[in-house]
Amino acid sequence: MTSSDPPNGTGYLLPSTGAQGLANYPHARTIPSSARTIFVSGTSSRRADGTVVGCETTENGGHVLDCGAQTAAVLQNIETIIKGATDGRRGLESVVDATVFLTDMSGDYSKMNAEWNKIWPDRAKAPARTCVQVAALPNDKLNVEIKCQAVVD
């Protein structure tokens, strides 16, 4: 890794003749063998007090979920975790791979992508990513969860 490479290694992008990503992520990332890997467990938008960012509970006990607000909070929570695990030396810029779990792909994918692209506007520096729809998450107040791996040199 050279000093011009981002902290999360080197991104590989297919040439324009290949299928391109729908958001800002490379087709692959290469990390140096000297890097230490941090595995971040599935993270949601829950706050320390148990409340959930992006969830409004209605009078009848239902929930109105905002995937954009939840995604922004999830990414902020992940950054806090990585900073804690690295004594503040690294944050989201060190993420090399992420798996995004959505409960409603057709309704929430674009909202999640909008928040993702704010954090990683340059897809060559973004982590590799997979996004899947799941039947449910551990709490009905959640519509997005992200797990990821980060590297520290």
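Hi everyone. Let me open with a term: a cavity here is a set of grid points where a 1.4 Å probe fits but cannot get out. With that in hand, please keep in mind that we are looking at a predicted model.

So how many cavities of 30 Å³ or more does the structure hold? The count is one. The largest cavity has about 30 Å³ of space in it. Its lining is made by L75, I78, L92, V95, A98, W116, W120, I146 and C148. If you sort that lining by class, you get nine nonpolar residues, with no polar and no charged ones. Which elements give two or more residues to it? Those are α1, β6, spanning 95–102, and β8, spanning 144–152.

Let's take the helices next. Helix α1 covers residues 67–85 and helix α2 covers residues 105–119. Their axes come within 8 Å of each other and cross at roughly 40°, and the crossing is right-handed. On the α1 side, the contact is made by C67, G68, T71, A72 and L75. On the α2 side, you have D108, K111, M112, E115, W116 and I119. By class, this contact is a mix: six nonpolar, two polar and three charged residues. Two names may sound familiar here: L75 and W116 belong to this helix contact, and L75 and W116 also appear in the lining of the largest cavity.

Now for the sheet. Four strands form an open sheet with mixed pairing, and the order is β3-β8-β6-β7. Why do β3 and β7 each have one side without a neighbour in the sheet? Because β3, residues 36–43, and β7, residues 128–133, stand at the edges, each with a single partner strand. From one strand to the next, the twist averages 10°.

Inside that order, have a look at β6 and β8. These two run antiparallel and are joined by seven bridges. If you want a spot to zoom in on, T99 stands opposite K147 in β8.

How does α2 sit relative to the strands? Helix α2 lies across β6 and β7, and α2 runs at about 155° to β7.

To pull this together on your screens, start from β6: it pairs with β8 through seven bridges, has α2 lying across it, and gives two or more residues to the lining of the largest cavity. Thanks for listening!

Note on methods
Residues are numbered from 1 along each chain as its sequence is written. This is a predicted model: local features need pLDDT of at least 70, side-chain atom pairs count only at pLDDT 80 or more; totals for chains, interfaces and linings use all residues. Side-chain values use heavy atoms; hydrogens and water are left out. Axes are lines fitted to C-alpha atoms, for helices over the stretch in contact, and angles run from 0 to 180 degrees between N-to-C directions. A crossing is left-handed if the near helix is turned anticlockwise from the far one by less than a right angle, and right-handed if clockwise. Contact means heavy atoms within 4.5 Å. Ala, Val, Leu, Ile, Met, Phe, Trp, Tyr, Cys and Pro count as nonpolar, Asp, Glu, Lys and Arg as charged, and the others, Gly among them, as polar. On a 1 Å grid over the protein atoms alone, a cavity is a set of points where a 1.4 Å probe fits but cannot get out, and a pocket is an open set with protein on both sides within 12 Å along at least five of seven lines; lining residues have an atom within 4 Å of a point. Grid points are joined across faces, edges and corners, and a volume is the space filled by probe spheres set on the points. Two strands pair if DSSP finds at least two bridges between them.
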